[in-house]
2 protein chains.
Amino acid sequence: MPAPAALITLDWGTTSLRAYLQAADGAILDSRTAFQGIMSLDGASFADVLTANAGAWAHAHGPLPVLLSGMIGSRQGWVEARYVPTPAGLADLAAGLTPVPDAPHPFGPVAIVPGLLRDDADTPDVIRGEEVEVFGALNRLHRADGLFVLPGTHSKWVRVDGGRIARFSTYMTGDVFAALKGHTILGRMMQSEPTGAQPIKAQSVEGFRRGVLAARALEGPGGLLARLFSVRALGLTGRLAEADSADFLSGLLIGTELADATRGHEGFTLVANAALTERYAAAADLLGLAHASAPAGCAPAGQFAVAKAAGLI
Amino acid sequence: MPAPAALITLDWGTTSLRAYLQAADGAILDSRTAFQGIMSLDGASFADVLTANAGAWAHAHGPLPVLLSGMIGSRQGWVEARYVPTPAGLADLAAGLTPVPDAPHPFGPVAIVPGLLRDDADTPDVIRGEEVEVFGALNRLHRADGLFVLPGTHSKWVRVDGGRIARFSTYMTGDVFAALKGHTILGRMMQSEPTGAQPIKAQSVEGFRRGVLAARALEGPGGLLARLFSVRALGLTGRLAEADSADFLSGLLIGTELADATRGHEGFTLVANAALTERYAAAADLLGLAHASAPAGCAPAGQFAVAKAAGLI
């Protein structure tokens, strides 16, 4: 007999959302995915989309509280949620919840999880949504420390000490890959599939391997910029097949990211994004970096932990 | 009384060409610019374009020899000219000329200057056209050594020792800038002008300055990749004005290029491209790098030197 439904959560990003009906003990009773991210609403209101995806749960189980995380709290989202400065733990996120005024019927109170801010004068950074997944990963792995990465268009590396997020860094690796492949001379020799987001086994393992090893050989802060054109020159001189070139670039960028982000760390844990996780794990193996993968479901687990810390359930 | 006309040369690139009528002593008797690069021929043949831009000179002065340099010798050009491996001097370029079969009437023999190849197994590089400008700069500056940069979509850094090109490196800085600005999240806060190719005085000096200083603070081969997102985060946290952000990115990239390319060198000489030269000079000043600028006209001076070495005049 499962515990009764107690909470609705949405991981609401730019292009899609994932909605969860959670029990009082954190069990996932139901879930739903929709391509209705904040930039793809097609004219619908945020309230409309919430109702379409989670209204039936509230009708069935009463006015449950609703917790939203991700880009829904950005300036382009429903209500702009603040950024909480690091270091920050669950209690800080819970204390920083932003209520959505006029929560639509038949829901209970609706609130948005704050983002985190690395408040450095010269190198500030922001994160929205992934920090919740990290708390979910800590919960599911029964850990309070570690280095976590959430690969994506903008990879987020998150350092946790004593249950609090001490520091995080964004690497625009996927975004940079797509821009270089689609809009510089490097793309001329590449095939048109969006390689970066695809499982490595479907692509060129050899090209990716060579790119990662090239990353390992880089020197100095300009090393990557100096190395990019060689992807083209390797092709012109017959040393790199066209079919390998996109994955070479992917390996070069991901390898550079991995080497930089793990400096001074023992190992790291991959969270979410199955296709990219495989690619990051392969690169880590080539670089001799210890790594593990968090189980699936970190986002709702983290949302549950925040809701509990906030006294919503 | 000028020396008689002796040579026609064309610096024929991807988007435009510059044609010169040169005297036997290297004086420029006439010149012409056309936006008829090899990728913008509008259906005309290479012979048609040569005739349209230089035919009147040959009619007036007889069947002068014609020397072409630049992307006209690439696979997409008139005839593919070989790559000569570095180190290479004027004699090597002269010995590697590729004749154009069936030179159109009323020209004398038409030949294309070879490109150069850095024949490294892992990091090969190629150059076509800029190497000729470097030989022109050596000639005009009465020098046989030095580090030269030709800023552009793909900046070329060329190291000359004893009159021969010892090594060169391509930095895709302009190409990368345009791709990041036009096709990643960084561009969302930037204005739409193609900043990178504009004179710095018309843009944000302050944004550029901050970007160059940020480049100076980078550490490790992943430093640039790790720093890119801060351009966005600086804006989100109100620390960088939207109007400054494109030039901040330009400064970050150019500063990174300069610091990397000049490692272990005493100083460098800027060749050609007035707008970008100003930007590179400003960045070099901020980084405390010694630099000078070559006089204008290095391309025809280099072509003249190659023609002379090849016995064409």
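The following paragraphs lead through a predicted model with chains A and B, from the domains of chain A to local features of the backbone.

Chain A is divided into two domains, with domain 1 covering residues 5-128 and domain 2 covering residues 171-293. The C-alpha centres of domain 1 and domain 2 of chain A lie 33 Å apart.

One helix pair of chain A can be described in detail. Helix α5(A), residues 205-216, packs against helix α7(A), residues 242-261, at an angle of about 40°, and their axes are 6 Å apart. The crossing of α5(A) and α7(A) is right-handed. On the α5(A) side, the residues that make the contact include Phe208(A), Gly211(A), Val212(A) and Ala215(A); on the α7(A) side, Phe248(A), Gly251(A), Leu252(A) and Gly255(A) are among them. In character, the residues of this contact divide into nine nonpolar, seven polar and six charged.

The next topic is the interface between the chains. Here 43 residues of chain A are in contact with 43 residues of chain B. On the side of chain A that touches chain B, the elements giving two or more residues are the strands β9 (125-127) and β12 (164-171) together with the helices α4 (173-183), α6 (223-236) and α7. The largest share of this side comes from α6(A), with 11 residues. By residue class, the side of chain A that touches chain B divides into 20 nonpolar, 14 polar and nine charged residues.

Helix α6(A) also holds Leu236(A). Is this residue buried or exposed, or does Leu236(A) fall in between? Leu236(A) counts as partly exposed because 17 other C-beta atoms lie within 10 Å, whereas a buried residue would need 20 or more and an exposed one 12 or fewer. The C-alpha atom of Leu236(A) is separated by 9.3 Å from that of Met189(A), a residue 47 positions away along the chain.

In chain B, an open sheet of three strands runs in the order β5-β8-β9, with mixed pairing. Its edge strands are β5(B), residues 83-85, and β9(B), residues 125-127, each of which pairs on one side only. Neighbouring strands of the sheet are turned by 30° against each other on average, direction ignored. Strand β8(B), residues 115-118, pairs with β9(B) in the antiparallel sense over three bridges. Across this pairing, Leu117(B) stands opposite Val126(B) in β9(B).

Chain B also contains cis peptide bonds that precede proline. The bond from Thr86(B) to Pro87(B) is cis, with omega near 0°, and Pro87(B) is placed in the loop between β5 and α2 (90-95) of chain B. The bond from His105(B) to Pro106(B) is likewise cis, with omega near 5°; Pro106(B) lies in the loop between β6 (98-99) and β7 (110-112) of chain B.

Returning to chain A, positive phi values occur in residues other than glycine. Phi of Asp42(A) is near 55°, and Asp42(A) is found in the loop between β3 (28-34) and α1 (46-61) of chain A. Asp42(A) has 7 C-beta neighbours inside 10 Å and therefore counts as exposed. Asp102(A), also not a glycine, has a positive phi of about 55°. The place of Asp102(A) is the loop between β6 (98-99) and β7 (110-112) of chain A, and Asp102(A) is exposed because 8 other C-beta atoms lie within 10 Å.

Definitions and conventions:
Residues are numbered from 1 along each chain as its sequence is written. Chains are lettered from A and ligands numbered from 1 in the order in which they are written. This is a predicted model: local features need pLDDT of at least 70, side-chain atom pairs count only at pLDDT 80 or more; totals for chains, interfaces and linings use all residues. Axes are lines fitted to C-alpha atoms, for helices over the stretch in contact, and angles run from 0 to 180 degrees between N-to-C directions. Helices (H or I, at least four residues) and strands (E, at least two) are DSSP runs, numbered from the N terminus. A crossing is left-handed if the near helix is turned anticlockwise from the far one by less than a right angle, and right-handed if clockwise. Two residues are in contact if their C-beta atoms, placed from the backbone, lie within 7 Å. Ala, Val, Leu, Ile, Met, Phe, Trp, Tyr, Cys and Pro count as nonpolar, Asp, Glu, Lys and Arg as charged, and the others, Gly among them, as polar. Domain bounds come from an automatic or database domain assignment. Two strands pair if DSSP finds at least two bridges between them.
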